[in-house]
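Okay, thanks for coming, everyone. I'll put the structure up and then talk you through how the chain is put together.

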Amino acid sequence: MQCMKIGIITLGCKVNQYESGAIKEELESKGHQVTTNLEPCEMYILNTCAVTGIAEK
């Protein structure tokens, strides 16, 4: 598998932040370069939810 630069953007609650951290660790263990900054990447993961009224805003 070719390693990629992957951006993870997290919106939402602490659960989303935890999940994004787990995704980041897994991807890095596979040799991918992961960033949480808005910068050019080969792939982006947008992790979000709408469980509460505040999240929907």
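So, one bit of vocabulary before the strands: two strands count as paired if DSSP finds at least two bridges between them. Also keep in mind that what you see is a predicted model.

With that in hand, look at strand 1 and strand 3, the latter being residues 43–47: five bridges join the two, and the pairing is parallel. If you want a spot to zoom in on, take isoleucine 9, whose bridge partner in strand 3 is leucine 46.

Which other strand does strand 1 pair with? That would be strand 2, residues 33–35, again in the parallel sense, here over three bridges, with strand 1 itself covering residues 5–10. In this pairing, isoleucine 6 sits opposite valine 34 of strand 2. To get from strand 1 to strand 2, the chain goes through helix 1, residues 14–29, and that β-α-β crossover is right-handed.

Okay, zooming out. The chain has three strands and two helices, and reading from the N terminus the order is β-α-β-β-α.

How much of the contact set is long-range in sequence? Taking contacts with a separation of 6 or more, 75% are between residues 24 or more positions apart.

Last, burial and surface. The chain has 57 residues, and 19% of them count as buried. Its accessible surface comes to about 4300 Å², with carbon and sulfur atoms making up 57% of that.

That's my tour, so over to you for questions.

Key:
Residues are numbered from 1 along each chain as its sequence is written. This is a predicted model: local features need pLDDT of at least 70, side-chain atom pairs count only at pLDDT 80 or more; totals for chains, interfaces and linings use all residues. Side-chain values use heavy atoms; hydrogens and water are left out. Helices (H or I, at least four residues) and strands (E, at least two) are DSSP runs, numbered from the N terminus. Buried means under 20% relative accessible area, exposed over 50%, partly exposed in between (1.4 Å probe, protein chains only). Contact means heavy atoms within 4.5 Å. Accessible areas come from the Shrake-Rupley method with a 1.4 Å probe; for residues, only the protein chains shown count as cover. A crossover is right-handed if, with the strands pointing away from the viewer, the path from the first strand over the helix to the second runs clockwise.
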